[in-house]
Amino acid sequence: PTTMPRPAYKHMRPFEIALWERFQLRFGPPEGQIEYDVKVGTKPPVPEVPGLPAMKRQAELFQKRIDVVQQLSNAIVLWEIKERLVPTVFGQLEVYEALYRRDFKPTLPIRKIALVEMGDPDLERLAEQRGITVIILPA
């Protein structure tokens, strides 16, 4: 039988959902208020094409989205969930932080977490230098 992703995870890929749920089974549900699929940034421009209203819906697909935003009493945590720790994770988290600050104007400090199944020693050291927490949760 096929199971559908929970609506809260509507833009997470199946692997990301499985990893996030595995994390929660192991460590318990995260504290604070949790939001999924948090849109940040400006919607990309959509060309006006007569007779193609679907183009407007396509713009939604390209809007930047933070996988998980965790609101704690003393910080906001931005989570990026990936199969592997790869260089693009750094760019995503840094862009998401900048856009989240611009769009939501938080007064609390922002922390960044990459939840991955496979790490990379070089990138783990770089993450530490950049203030990004890496959580490696092997299958």
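Modeller: Two strands count as paired if DSSP finds at least two bridges between them. Helices (H or I, at least four residues) and strands (E, at least two) are DSSP runs numbered from the N terminus. This is a predicted model, where local features need pLDDT of at least 70, side-chain atom pairs count only at pLDDT 80 or more, and totals for chains, interfaces and linings use all residues. Residues are numbered from 1 along each chain as its sequence is written, and side-chain values use heavy atoms, with hydrogens and water left out.

Colleague: In which sense do strand 2 and strand 3 pair?

Modeller: Strand 2 covers residues 64-71 and strand 3 covers residues 76-84. In strand 3, V77 is the bridge partner of Q70. Over four bridges, the sense of the pairing is antiparallel.

Colleague: Which are the edge strands?

Modeller: The open sheet has five strands in the order 1-2-3-4-5, with mixed pairing. An edge strand here pairs on one side only. The two are strand 1 (33-40) and strand 5 (132-136).

Colleague: Which element gives the most to the largest nonpolar core?

Modeller: A nonpolar core is a set of buried (under 20% relative accessible area, 1.4 Å probe, protein chains only) Ala, Val, Leu, Ile, Met, Phe, Trp, Tyr and Cys residues joined through side-chain atoms within 4.5 Å. The largest has 19 residues, of which I66, V69, L78 and Y100 touch the most other members. Strand 1, strand 2, strand 3, helix 3, strand 4 and helix 4 (121-129) each give two or more residues. With six residues, the element that gives the most is helix 3.

Definitions and conventions. Buried < 20%, exposed > 50% of the residue type's maximum accessible area, 1.4 Å probe, protein only.
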